[in-house]
Amino acid sequence: SPFSSSKGLSQQGFISLAAVVDLIKEGRCCLATNMATFMYFMIYNLTLTTSKMLAVIWMDSTYAEWQFMLTDVALAMIMVSFMVRCRPIQKLSMTSPSASLFGIGTVVTILSALLIFWLTAGVAVLMLQYGPGRSFYEFSTTLLLEIPPQQWTRKSDNYLMATLFLVNLTLLLNAGFVLCYGHIHRQMVGKNWRICIFYILGLLFTLALTWSNPSEFTCTFRVNCDSAQSRKMSLPLLSKPVGGVMFSTGNLGGCFWGPQMLSCKSQEHRCWVTPPNNANLAPSWMAGNNTLRPKAPFDTREEKMSFCQKHPYHAGATDLGQWCWRPENDDVLAHRCGPSPSRDLGPMLEGCHGPNNCYSRTFKFYLTGILILCSVSLHAMYKLGVLGLE
């Protein structure tokens, strides 16, 4: 109990109630930290939920298995455990921290972070589709790709989910760090060496994902990955079992079901998966209005399903079955990642082979700049805006 403490006895020669001040400082620090972690999880929930909902509506896509693992474990558990290591400031403040979940500072922080996320994501997607990414970008929807339900984690094999993941990762890393700013109740964030190291390593990790060429590292998180590298993956416990134990649901390794399967720059204007005619999907993202796909023998998804039941695809098909190839389990197709005989998908970025979501070097520069601007905006918003109001 602070009232029976001997604090001050060795310095002043008598027992005092000075420990009460320490108790108040610890309590205020704890409250400020609890509010910080609450705001972090609200930011996490809103950015993840809204982006995933938009992706499902727009492209029937979702985040990859290990993208979820990174945000749910490395950030939501490990980083938050470092956030609570903040210590109280030496001088007791004249004011107490807010305990209101709907206080002005709390609401402004959460909504501002959400606004920064969507502004950043919006600019990144626009640059991807209409800026420097236009030269390599391809649109696809997993509804037309006909990805089997049990392979739902492969719905992230496209450009949109990779870009949203990098933006989300950047924002959450910065949110966890800025919410540890000391201000008047906690020590400066620099004294929390755990969160500082995690923050720096997290940013370097994000840059590595953005700039790396296809590898086992990038294919684990389905960013800058291609089919050739994905098939070579041999990570113990992730892409191959050890002693019958495996920590992946099957998303790692095997074919990369990228957007080029549906939209590509083939000279024949025909890719691997044939959409129904009423989809009115251009052969590729850069195709002109007058460039059309070869007319398919079905107009709707229902007609395609019925047609392919009568004319199923088989390896080497040159009859009507050639219109019915779709992504399947690698073992079923004898480890082939496309139709047989193979159809050309057109030119790819240097170093990428087969369906992929690789970024060009020019786009990587732009995306890095966008992520840096996102980081600076979040720091400025919280430091100069929210804390400046207190």
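Leu378 has a relative accessibility of 2%, so this residue counts as buried. Its place is in helix H11, and the structure in front of you is a predicted model. Let us start from this leucine and work outwards.

## Around Leu378 and the nonpolar core

Leaving aside neighbours within four places in sequence, Leu378 is in contact with Ala113, Ile116, Leu171, Asn174, Ala175 and Val178. Leu345 makes a nice contrast: 33 residues separate Leu345 and Leu378 along the chain, and 41 Å lies between their C-alpha atoms.

Which residues touch the most other members of the largest nonpolar core? They are Tyr40, Tyr359 and Tyr382, in a core of 96 residues. Helices H2 (19-59), H3 (65-83), H4 (104-130), H5 (142-145), H6 (159-178), H7 (193-211), H10 and H11 (361-386) each supply at least two residues of this core. Helix H6 gives the most, with 15 residues.

Tyr382 is worth a look of its own. Not counting residues up to four places away in sequence, Tyr382 touches Met39, Thr109, Val178, Leu179, Tyr181 and Leu387. Val178 thus appears in the contact lists of both Leu378 and Tyr382.

## The chain as a whole

Stepping back, the chain has 11 helices and zero strands, so an all-α order of elements runs from the N terminus on. Along its principal axes, the C-alpha trace spans about 100 × 50 × 35 Å. Of the 390 residues in the chain, 51% are buried. Contacts across the sequence are plentiful in one sense: among those between residues at least 6 apart in sequence, 71% join residues at least 24 apart.

## Two buried residues with polar contacts

Next come a serine and a threonine. Ser263 is found in the loop between helix H9 (227-232) and helix H10 (301-310). Is Ser263 buried or exposed? Its relative accessibility is 2%, and the cut-off for a buried residue is under 20%, so Ser263 counts as buried. A polar atom of the Ser263 side chain lies 2.9 Å from the backbone oxygen of Phe139. Beyond residues up to four places away in sequence, Ser263 touches Glu138, Phe139, Cys271, Leu281, Ala282, Pro283, Ser284 and Arg293.

Thr218 sits in helix H8 (residues 216-220). With a relative accessibility of 0%, Thr218 counts as buried. Here the partner is Asn224, whose backbone oxygen lies 3.1 Å from a polar atom of the Thr218 side chain. Setting aside residues up to four places away in sequence, Thr218 touches Leu209, Ser212, Asn213, Val223, Asn224 and Cys225.

## Pocket and cavities

Now for the empty space. Rolling a probe the size of a water molecule over the atoms shows where such space is left. The table sets out the volumes and the classes of the lining residues.

| Space | Volume | Lining by class |
|---|---|---|
| Largest pocket | about 570 Å³ | 13 nonpolar, three polar, nine charged |
| Largest cavity | about 60 Å³ | five nonpolar, two polar, two charged |
| Second largest cavity | about 40 Å³ | three nonpolar, two polar, three charged |

How many residues line the largest pocket, and which lie nearest its centre? There are 25 lining residues, and Glu146, Cys308, Cys324, Arg326 and Glu328 lie nearest the centre. Helices H5 and H10 each supply at least two residues of this lining. The largest share, six residues, comes from H10. Both helices also supply at least two residues each to the largest nonpolar core.

A search of the whole structure finds five cavities of 30 Å³ or more. The largest cavity is lined by His269, Arg270, Cys271, Val273, Thr274, Pro275, Arg293, Pro294 and Trp323. Two of these residues, Cys271 and Arg293, are also listed among the residues that Ser263 touches. Around the second largest cavity you will find Lys25, Arg28, Ile89, Lys91, Leu92, Ser93, Ile184 and His185.

Key: Residues are numbered from 1 along each chain as its sequence is written. This is a predicted model: local features need pLDDT of at least 70, side-chain atom pairs count only at pLDDT 80 or more; totals for chains, interfaces and linings use all residues. Side-chain values use heavy atoms; hydrogens and water are left out. Helices (H or I, at least four residues) and strands (E, at least two) are DSSP runs, numbered from the N terminus. Buried means under 20% relative accessible area, exposed over 50%, partly exposed in between (1.4 Å probe, protein chains only). A polar contact is a pair of N or O atoms within 3.5 Å; within protein, one must be able to donate a hydrogen and the other to accept it, and residues adjacent in sequence count only if both atoms are side-chain atoms. Contact means heavy atoms within 4.5 Å. A nonpolar core is a set of buried Ala, Val, Leu, Ile, Met, Phe, Trp, Tyr and Cys residues joined through side-chain atoms within 4.5 Å. On a 1 Å grid over the protein atoms alone, a cavity is a set of points where a 1.4 Å probe fits but cannot get out, and a pocket is an open set with protein on both sides within 12 Å along at least five of seven lines; lining residues have an atom within 4 Å of a point. Grid points are joined across faces, edges and corners, and a volume is the space filled by probe spheres set on the points. Ala, Val, Leu, Ile, Met, Phe, Trp, Tyr, Cys and Pro count as nonpolar, Asp, Glu, Lys and Arg as charged, and the others, Gly among them, as polar.
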